[in-house]
Amino acid sequence: MPIYSHSRLSSFENCPLQFKFHYVDRVKTDVSTSIEAFMGDMVHQTLQKLYTDVKFQKVPSLKELHNFFRVLWDKNWNPGIVVVRKEYGPENYFNIGLKFISDYYEKYCPFNDGVTIGLESRVVINLDKEGEYKLQGFIDRLVCVNDTEYHIVDYKTNSHLKIQDQLDGDRQLALYQLAVMNDYRDAKKIVLKWHFLAFNKAVTSTRTNKQLEQLRKDTIILIKRIESTTDFRPNKSALCDWCQYRSICPEWSHLAKLECKGVNEYLKDSGVKLVNKYVELSEKKRELTKGLDAELDKLKDALVVFAKREGVNVVFGSNNKIRVSIFDTFKFPAKGSAEREELIALLKRLRKWDEIADIDIYGLNKIMQDKLWNKEELDLIKKYAEKEEANRLYPSKMKKED
Ligand code: SF4
């Protein structure tokens, strides 16, 4: 089994197909990284240089750090770096990086908040006693304060300030805490600390032993789920804009192909032609049936009125006849309502539930597709399920961001 990491787990949670491209198939693309990730990396390396200097009893000037950042940026820049937000150019991100460094420098100089034990240091987390489930991670900065208090520090360069509840549930630093607890047995207190550089703000959180135990269990369950996955489905989301696999992802690859074509060529594309024709005919059909449905409803009402007035059950036409059946029916509370639940409970109490209950085939199909029950249960049910290919088309308007 591979050694896992927080990013590996998050990749699967965000999109199983992206996980497969990256970690299973190890697909190489022309897209190197996003500008946000690039800028974040340059800022991290600059802060690493800052604390390395501090360890050597040298506090670099802000100008030196800015120069370091500039040289690093120029040396590592490459044209494959993707700028998703087209309204901003690389220079904007460069200036943001400089500002992060200035703000941090001014707030924390002379950087004596504790003893830096590690910078970008690798930690290994054993999730189980047997050492089967392992994770690795890199702590941006590990600091020892007052001898027995340890701070696990993470620098965030994105433009989203997480709220306390999100940080109290954050997995990454809590996992690192498991490693720090194991590696530094004198630790009496461990603080998880995030520096949100875009807001020049530090926020902290702590974990109880019970929470850490639960985290250990949940992470093993997630790893087991990943290891048993064979069907890696795409999960389309706003993150697709930053995904390096768009050009090979079935959700986007057709659009990616079209983006390389001129307008004339674009319109000649078989896919474009098929979609345009399909939508045109569907809309035509909808328009036509809209009028017909309204007309049929009126005729139905008129036939009921006629049958009632004439006291007949069957109304005859030239070549056809229509039976008009008028009867009383019962309406029951809607699915999901409290009254519906009460009704189900009543039927069960009366031992009548089995007489009218049936399998929710749609629900069962979803459970099988999404593997929502355990493997043994699913395998038992599979004996009664025949796999067949189905298809359904979902036309929709393209959005600006498509
Ligand atoms: S483009 Fe979106 S759906 Fe496709 S692999 Fe990437 S994240 Fe997943």
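**Entry 1: the nonpolar core**

I looked for the largest nonpolar core in this predicted model, and I found that the core has 29 residues, with Ile 125, Ile 152, Leu 175, Tyr 176, Ala 179 and Val 180 having the most contacts inside it. I then noted the elements that give two or more residues to this core, which are the helices H2 (16-24), H7 (172-183) and H8 (209-228) together with the strands E2 (115-126), E3 (134-145), E4 (149-156) and E5 (189-196). Which element gives the most to this core? I found that H7 does, with seven residues. Apart from this core lies another one, of 15 residues, and I wrote down Phe 38, Val 43, Phe 69 and Ile 101 as being among them. As background, I reminded myself that nonpolar side chains tend to be buried together in soluble globular proteins.

I also followed Ile 125 on its own and, leaving out residues up to four places away in sequence, I listed Lys 134, Leu 135, Leu 175, Leu 178 and Ala 179 as the residues that Ile 125 touches.

**Entry 2: Tyr 155**

Next I turned to Tyr 155, which lies in strand E4. I asked myself whether Tyr 155 is partly exposed or buried. There are 18 other C-beta atoms within 10 Å of Tyr 155, and because a residue needs 20 or more to be buried, Tyr 155 is partly exposed. When I set aside the neighbours within four places in sequence, I found Tyr 155 in contact with Val 43, His 44, Leu 47, Asp 140, His 195 and Leu 197. For one of these pairs I looked up the separation, and Tyr 155 and Leu 197 are 42 residues apart in sequence, while their C-alpha atoms are 6.9 Å apart in space.

**Entry 3: backbone details in loops**

I checked the peptide bond from Cys 109 to Pro 110, which is cis, with omega near 15°. Pro 110 has its place in the loop between helix H5 (90-108) and E2, and Phe 111 is also in the loop between H5 and E2. For Phe 111 I noted a positive phi, near 60°, in a residue other than glycine, and I found Phe 111 to be partly exposed, with 17 other C-beta atoms within 10 Å.

Lys 371 has a positive phi as well, of about 50°, although Lys 371 is not a glycine. I placed Lys 371 in the loop between helix H14 (361-369) and helix H15 (375-382), and with 14 C-beta neighbours inside 10 Å this residue counts as partly exposed.

**Entry 4: around the ligand**

I counted 14 residues around the ligand, of which Cys 15, Pro 234, Cys 240, Cys 243 and Cys 249 come nearest. Sorted by class, the shell has nine nonpolar, two polar and three charged residues.

**Entry 5: the whole chain**

Finally I stepped back to the protein chain, which has 15 helices and eight strands. The radius of gyration is 31 Å, well over the 21 Å that the globule rule gives for 402 residues, so the chain is more spread out than a compact globule. I noted that the C-alpha atoms fill a box of roughly 105 × 65 × 40 Å along the principal axes, and that 15% of the 402 residues count as buried.

The domain assignment gives domain 1 (4-239) and domain 2 (268-323), and their centres, taken over C-alpha atoms, are separated by 60 Å. Among contacts between residues at least 6 apart in sequence, I found that 63% join residues at least 24 apart.

Conventions. Residues numbered from 1 in each chain as written. Predicted model: local features only at pLDDT ≥ 70, side-chain atom pairs only at ≥ 80, totals over all residues. Near = placed C-beta within 6 Å. Nonpolar A, V, L, I, M, F, W, Y, C, P; charged D, E, K, R; others polar. Domains from an automatic or database assignment. Helix = DSSP H or I, 4+ residues; strand = E, 2+ residues; numbered from the N terminus. Rg over C-alpha atoms; globule rule 2.2 N^0.38 Å. Buried ≥ 20, exposed ≤ 12 C-beta atoms within 10 Å, placed from the backbone. Contact = placed C-beta atoms within 7 Å. Core = buried A, V, L, I, M, F, W, Y, C linked by C-beta atoms within 7 Å.
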